[in-house]
Amino acid sequence: MPKPRKRLDREIKYSGNWVATWVAQGLFQVEHAGFEDQFIVDIDKQSCTCNYWELNGIPCRHVVACFNDKGLKPENYVHQYYLRATYEICYGHMISPINGENKWPKMSQDDILPPEIKRGPRRPKKLRRREPDELDKCQPFIIE
């Protein structure tokens, strides 16, 4: 789909600043080239310590750096709910048409009305509530 593709392209673009170091089977330590940031990526569990991959289902820049090191395509590791086939399964069903409101069956119950508007016991405040550390505009400003 277009929006997840755009998001993945952005992560691929920013993955160039990250260096992946292989640690064990499917486990990498990823470091930033300019900063001291480090993340642990487990490709087998599909997890990164930044949690972007787990939350969004799209590989983050740290994971993409590992894929570049291993020669894998990040497109193959995007979650299946971003695929066009999944979208077509969800929204491919026909929505049944219905008759107009004048053709609906009449119900014996009363109409449902919105709740009554309840007003407070006092006059509503005109100004916003100020924080305790804010100056009050009504008080004169004194310079000493």
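Is Tyr 91 buried or exposed? Tyr 91 is exposed, with a relative accessible area of 63%, and this residue returns below, where the aromatic rings are described.

## Overall layout

This report describes a predicted model, and every value in it was computed from that model. The protein contains four helices and four strands, and when these elements are read along the sequence they follow the pattern α-β-β-β-β-α-α-α. The radius of gyration of the protein is 29 Å, whereas the globule rule gives 15 Å for 144 residues, so the protein is more spread out than a compact globule.

Taken along the principal axes, the box filled by the C-alpha atoms is roughly 80 × 70 × 25 Å. Of the 144 residues, 22% count as buried, and the accessible surface comes to about 13100 Å², with 54% of that area belonging to carbon and sulfur atoms. If one considers the contacts between residues at least 6 apart in sequence, 38% of them join residues that are at least 24 apart.

## The strands and their hairpins

Strands β2 (27–32) and β3 (38–42) run antiparallel and are joined by five bridges. These two strands form a hairpin, with five residues between them, and within the pairing Gln 29 stands opposite Ile 40 in β3.

Strand β3 is also joined to β4 (residues 47–48), by two bridges, and this pair too runs antiparallel. Here the bridge partner of Val 41 is Cys 48 in β4. The hairpin of β3 and β4 has four residues between the strands, and in this hairpin Gln 46 takes a positive phi near 55 degrees.

## The largest nonpolar core

The largest nonpolar core has 19 residues, and among these the members that touch the most other members are Phe 28, Val 30, Val 41, Val 63 and Cys 66. At least two residues of this core come from each of β1 (18–24), β2, β3, α2 (52–56) and α3 (61–70), and α3 gives the most, with four residues. Once its neighbours within four places in sequence are set aside, Cys 66 is in contact with Ala 20, Phe 28, Val 30, Val 41 and Ile 43.

In helix α3, the residues His 62, Val 63, Val 64, Ala 65, Cys 66 and Phe 67 are buried. The buried residues of this helix pack against α1, β1, β2, β3, β4 and α2. Just after α3 comes Gly 71, which takes a positive phi of about 80 degrees.

## Two buried acidic residues

Which residues does Glu 11 touch, leaving aside its neighbours within four places in sequence? Glu 11 lies in helix α1 (residues 2–14), and its contacts beyond those neighbours are Tyr 52, Pro 59, Cys 60 and Arg 61. Glu 11 counts as buried because its relative accessible area is 3%, which is under the 20% cut-off. Although Glu 11 and Pro 59 are 48 residues apart in sequence, their C-alpha atoms are 7.6 Å apart in space.

Asp 42 is found in strand β3 and also counts as buried, at 13% relative accessibility. Not counting residues up to four places away in sequence, Asp 42 touches Gly 26, Leu 27, Ser 47 and Trp 53. Asp 42 and Ile 112 are 70 residues apart in sequence, and from C-alpha to C-alpha they are 55 Å apart in space.

## Aromatic rings

A search of the whole structure finds five aromatic pairs. One of them is formed by Tyr 87 and Tyr 91, a tilted pair with 4.9 Å from centre to centre and 45 degrees between the planes. Because Tyr 87 and Tyr 91 are four residues apart in helix α4 (residues 84–91), they are separated by about one helical turn. Tyr 87 counts as partly exposed, at 44% relative accessibility, whereas Tyr 91, with its 63%, is exposed.

Elsewhere in the chain, ring pairs link Trp 53, Phe 67 and Tyr 77 into a cluster. Two members of this cluster have already appeared above, since Phe 67 is one of the buried residues of α3 and Trp 53 is among the residues that Asp 42 touches.

Notes:
Residues are numbered from 1 along each chain as its sequence is written. This is a predicted model: local features need pLDDT of at least 70, side-chain atom pairs count only at pLDDT 80 or more; totals for chains, interfaces and linings use all residues. Side-chain values use heavy atoms; hydrogens and water are left out. A nonpolar core is a set of buried Ala, Val, Leu, Ile, Met, Phe, Trp, Tyr and Cys residues joined through side-chain atoms within 4.5 Å. Buried means under 20% relative accessible area, exposed over 50%, partly exposed in between (1.4 Å probe, protein chains only). Contact means heavy atoms within 4.5 Å. Rings of Phe, Tyr and Trp (its six-membered ring) pair if their centres lie within 6.5 Å; planes under 30 degrees apart count as stacked, over 60 as edge-to-face and the rest as tilted. Two strands pair if DSSP finds at least two bridges between them. The radius of gyration is taken over C-alpha atoms; the globule rule is 2.2 Å times the number of residues to the power 0.38. Accessible areas come from the Shrake-Rupley method with a 1.4 Å probe; for residues, only the protein chains shown count as cover.
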